[in-house]
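Please look through the sequence and the structure below before reading on. The report that follows takes up a few places in turn.

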Amino acid sequence: MDWLKNILGDTYTEQIDAQIAEQIQKQYVPTEELETQKTNYENQIRTIRIDAAVEAGLTKAHAKNHKAARAMLDMEKITIDTQDNVIGVDEQIQKLTTGEDTAFLFDTVSGNQFRGAKAAEKGDGKAPGEMTLETFRALSPAERYAYSVNHPNEYKQLYGGN
């Protein structure tokens, strides 16, 4: 450690040299071990990217059971190219959705098929402005007052704008 002698000058001793060498050995990681760790991390990242792409593809294809549909995929044919794009997922999922023996794993309904309450609609089933004079007169006095306070413009229109 000649570089250490240059830095410390006259204060350099063999004891300091031995202590520094001991500390360096504790902190030093061999290059082979670093390469092994790097390869392991790259493989983990590759696996995570492929898993995420498969899950996204199955969700997009409306898979009923991701675990069952995933078991039908040939994971060896799914790869990552040089620009980190996952290749082969869409083709395999397409085969599953169109195959006679695997199509049951996917919903074939397109679009939203929600039933029940619709968002942003009143609970009475009437759109704003649909209050007629007859329905207004059928309300209780408290409901009439609440309607006149909450909907002053519509209330005026019920009675001809007055």
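## Tyr28 and the surface around it

Tyr28 counts as partly exposed, because its relative accessibility is 48%, a value that falls between the limits of 20% for buried and 50% for exposed residues. The model in which Tyr28 is seen here is a predicted one. Along the chain, Tyr28 has its place in the loop that runs between helix α2 (14-27) and helix α3 (31-60).

On the surface, Tyr28 belongs to a nonpolar patch, which it forms with Trp3, Ile7 and Ile24. Taken together, these four residues have about 470 Å² of accessible area.

## The chain as a whole

The chain is built with 8 helices and 2 strands, and when the sequence is read from its start these elements follow the pattern α-α-α-α-β-β-α-α-α-α. The two strands thus stand in the middle of the pattern, with four helices written before them and four after.

Of the 162 residues of the chain, 15% count as buried. The accessible surface of the chain comes to about 13,000 Å², and carbon and sulfur atoms hold 52% of that surface. Among the contacts in the chain with a separation of 6 or more, 44% are between residues that lie 24 or more positions apart.

## Salt bridges

How many salt bridges does the chain have? The count comes to 3. One of the pairs is Arg49 with Asp84, whose closest N and O atoms are 3.3 Å apart. This pair links distant parts of the chain, since Arg49 sits in helix α3 while Asp84 sits in the loop between β1 (79-80) and β2 (86-87), and the two are 35 residues apart. Arg49 is partly exposed at 36% relative accessibility, and Asp84 is likewise partly exposed, with a relative accessible area of 43%.

Arg70 takes part in a salt bridge with Asp51, in which the closest N and O atoms are 2.3 Å apart. Here, too, distant parts of the chain are linked, with Arg70 in helix α4 (residues 66-71), Asp51 in helix α3, and their positions 19 residues apart. The side chain of Arg70 also meets that of Glu55 in a salt bridge, at 3.5 Å from N to O. Arg70 lies in helix α4 and Glu55 in helix α3, so this pair ties together parts that are 15 residues apart in sequence. Salt bridges with shared partners join Asp51, Glu55 and Arg70 into one network. Each member of the network counts as partly exposed: Arg70 has a relative accessibility of 23%, Asp51 one of 28%, and Glu55 one of 32%.

## Aromatic rings

A pair of aromatic rings is described by the distance of the centres and the angle of the planes. In the whole structure, a search finds 2 aromatic pairs. One of them is formed by Phe136 and Tyr147, whose rings are 5.9 Å apart from centre to centre with 55° between the planes. This pair counts as tilted, because its angle lies between the limits of 30 degrees for stacked and 60 degrees for edge-to-face rings.

Phe136 belongs to helix α6 (residues 133-137) and Tyr147 to helix α7 (residues 141-150), and the pair links these distant parts of the chain across 11 residues. Are Phe136 and Tyr147 buried or exposed? Both of these residues are buried. Together with Tyr155, Phe136 and Tyr147 form one aromatic cluster.

Note on methods: Residues numbered from 1 in each chain as written. Predicted model: local features only at pLDDT ≥ 70, side-chain atom pairs only at ≥ 80, totals over all residues. Heavy atoms only, no water. Buried < 20%, exposed > 50% of the residue type's maximum accessible area, 1.4 Å probe, protein only. Contact = heavy atoms within 4.5 Å. Areas by Shrake-Rupley, 256 points an atom, 1.4 Å probe, with all protein chains shown as cover. Patch = residues over 30% accessible without salt bridge, like charges linked within 9 Å, V, L, I, M, F, W, Y side chains within 5 Å. Phe/Tyr/Trp six-rings, centres within 6.5 Å; stacked < 30°, edge-to-face > 60°.
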